[in-house]
Amino acid sequence: MKKLRVLLSVFLAVMFCFFAGCTQADNQNGSSSAIEVGFDAESQNLTQTEGNGEIKIHYIDVGQGDSIFIELTNDRVMLIDAGESEYSSTVINYIKNLRYNKIDYLVATHPHSDHIGGMEKVINAFTIGEIYMPKIISNTKTFESLLETIKNKGLKINSADYSVKIINDNNLKAEFLSPVKDKYGDTNDYSAVLKLTYKDNKFLFMGDAETEAEDEISADVTCDIIKVGHHGSNSSSGKKFVKKTKAKYAVISCGTDNKYGHPHTEIVKRWEDSGAKIYRTDLSGTVIVTSDGKTINVTATKTQNSIVQSTPSSVTENTQQKYILNTSTKKIHIPSCSYVSKMKDSNKTESSEKIEKIISNGYSKCKVCLGD
């Protein structure tokens, strides 16, 4: 059986490396060694449509893992990672509740199960456009199954390397800033680091990139919001890097009372000392960001506190949460919920009452934006 696993791993590695030069991850100790194979440097695919409207970024609460769903302009969407396999239904239902059946851009930042564990089922549940992964492979069953699923659906893997652009619109750009090198000492440093720019607003998604990878990034890392690397571990978020980002908000995706102690206290303090406001999925639940390219609205679904920041003016915090009520369906929504824009004006009303009071009047929470 062990021999069959090894043979299967080699077969899948060859299949994957047919179009991407890969590095083999040693999953026992995180070290890696290079395997030289051919790589199609022209595998990237650029989108050239004009952006408009607003974008929404959903940092989905998947426990000790990452999954970020992004509603882009022109009805395009992106998913970065899908958490552990046990959270696959959480991710799938979240996206389907937003009424999407296609994921235009799927990014697997690196081959660790807390990032790609749920991706196999996600691929089977949706129509998939383009897939991006860094040039590193793993001999885990999770990674092998993911590659088999991609192969069985007739999909292709595009390389997630420095300078590869996913979207290159006038107002909307998505490009990878890392990995920069071909070899790193730790699998986490192969993480596909993505920067999303929408007009004046910038967002950075670090995967599990650690300080070695951070130090190698030569591109501009300034951003309004950063998804902090490696769940807030002290192996990431180096002092120089944190200072360079000038981030106003830092989102940390981590599980409640996780065994790693994430986020580490010194990293939380480092981001706070830099001037960033911290959002943690273990405390705040799913974090939803809305941007029209100038103004950013951040909503934490557990705390119900909403923050609005107009670039480049100062930040103001709403101490009293406002809700949008659908008088027809009797559902309670936060203003940034995707269902609000689809409501008829005749069914829409605003309330600043406490949510308990609204519920006592016969309403119930929206499962998408309020998670109940």
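How many aromatic pairs does the structure hold? The structure holds 4 aromatic pairs. Here is one of them to start with: the ring centres of Tyr184 and Tyr190 are 5.2 Å apart and the planes stand at 80 degrees, so this pair is edge-to-face. Tyr184 and Tyr190 are both buried. As a reminder, a pair of aromatic rings is described by the distance of the centres and the angle of the planes.

**The model as a whole**

Please keep in mind that this is a predicted model. Its mean pLDDT is 84, and 79% of the residues reach 70 or more. Two stretches call for care. Over residues 26–51 the pLDDT stays under 50, and the model has 68 contacts beyond four places in sequence for this stretch. The pLDDT is also below 50 over residues 310–320, a stretch with 19 contacts in the model beyond near neighbours in sequence. Where pLDDT is low, the predicted coordinates should not be read in detail.

The protein has 372 residues, and buried residues make up 55% of them. Its secondary structure comes to 10 helices and 24 strands. Among the contacts with a separation of 6 or more, 62% are between residues 24 or more positions apart.

**Strand E17 and its two partners**

A good place to look next is strand E17, residues 287–291, where 5 of 5 residues are buried. Both of its faces are covered: Val287, Val289 and Ser291 lie on one side, with Ile288 and Thr290 on the other.

Strand E17 pairs with E3 (residues 55–59) and also with E18 (residues 295–300). With E3 the pairing is antiparallel over 5 bridges, and with E18 it is likewise antiparallel over 5 bridges. Thr290 is a handy residue for seeing both pairings: it is the bridge partner of Lys56, and it stands opposite Asn297 in E18. The hairpin of E17 and E18 has 3 residues between the strands, and in it Gly293 takes a positive phi near 100 degrees.

**A four-stranded open sheet**

Further along the chain there is an open sheet of 4 strands, in the order E23-E21-E22-E24 and with mixed pairing. Its edge strands are E23 (348–351) and E24 (364–365), each of which pairs on one side only. Strand E21, residues 323–326, runs antiparallel to E23, and 4 bridges join them. Within this pairing, Tyr323 stands opposite Ser351.

**Helix H5**

Helix H5 spans residues 141–152. Its 12 residues reach 16 Å from the first C-alpha to the last, close to the 16 Å expected at 1.5 Å a residue. An α-helix has 3.6 residues a turn, so residues three or four places apart point the same way. Which residues of H5 are buried? They are Phe143, Glu144, Ser145, Leu146, Leu147, Thr149 and Ile150. After the helix comes Gly154, with a positive phi near 70 degrees.

**Two buried residues, one in a strand and one in a loop**

Leu196 lies in strand E12, residues 193–198. Why does Leu196 count as buried? Its relative accessible area is 0%, and buried means under 20%. Leaving aside residues up to four places away in sequence, Leu196 touches Ile55, Ile57, Ile70, Leu72, Leu172, Lys173, Ala174, Asn201, Lys202, Phe203 and Phe205. Ile55 and Ile57 in that list fall within the residue range of strand E3 (55–59), the partner of E17.

Asp224 offers a loop example: it is found between helix H6 (211–216) and strand E14 (225–227). Asp224 counts as buried because its relative accessibility is 4%.

For Leu196 and Asp224 alike, a C-alpha separation to a residue elsewhere in the chain is available:

| Residue pair | Apart along the chain | C-alpha separation |
|---|---|---|
| Leu196 and Ile166 | 30 residues | 9.7 Å |
| Asp224 and Thr245 | 21 residues | 8.2 Å |

**Charges over rings**

Finally, two lysines sit over aromatic rings. The charged end of Lys96 is over the ring of Phe126, 5.7 Å from its centre. Lys277 lies over the face of Tyr279, at 5.7 Å from the ring centre.

Methods: Residues numbered from 1 in each chain as written. Predicted model: local features only at pLDDT ≥ 70, side-chain atom pairs only at ≥ 80, totals over all residues. Heavy atoms only, no water. Expected span 1.5 Å × (residues − 1). Buried < 20%, exposed > 50% of the residue type's maximum accessible area, 1.4 Å probe, protein only. pLDDT = per-residue confidence, 0-100. Contact = heavy atoms within 4.5 Å. Pairing = 2+ DSSP bridges. Phe/Tyr/Trp six-rings, centres within 6.5 Å; stacked < 30°, edge-to-face > 60°. Lys NZ or Arg CZ within 6 Å of the ring centre and 35° of its normal.
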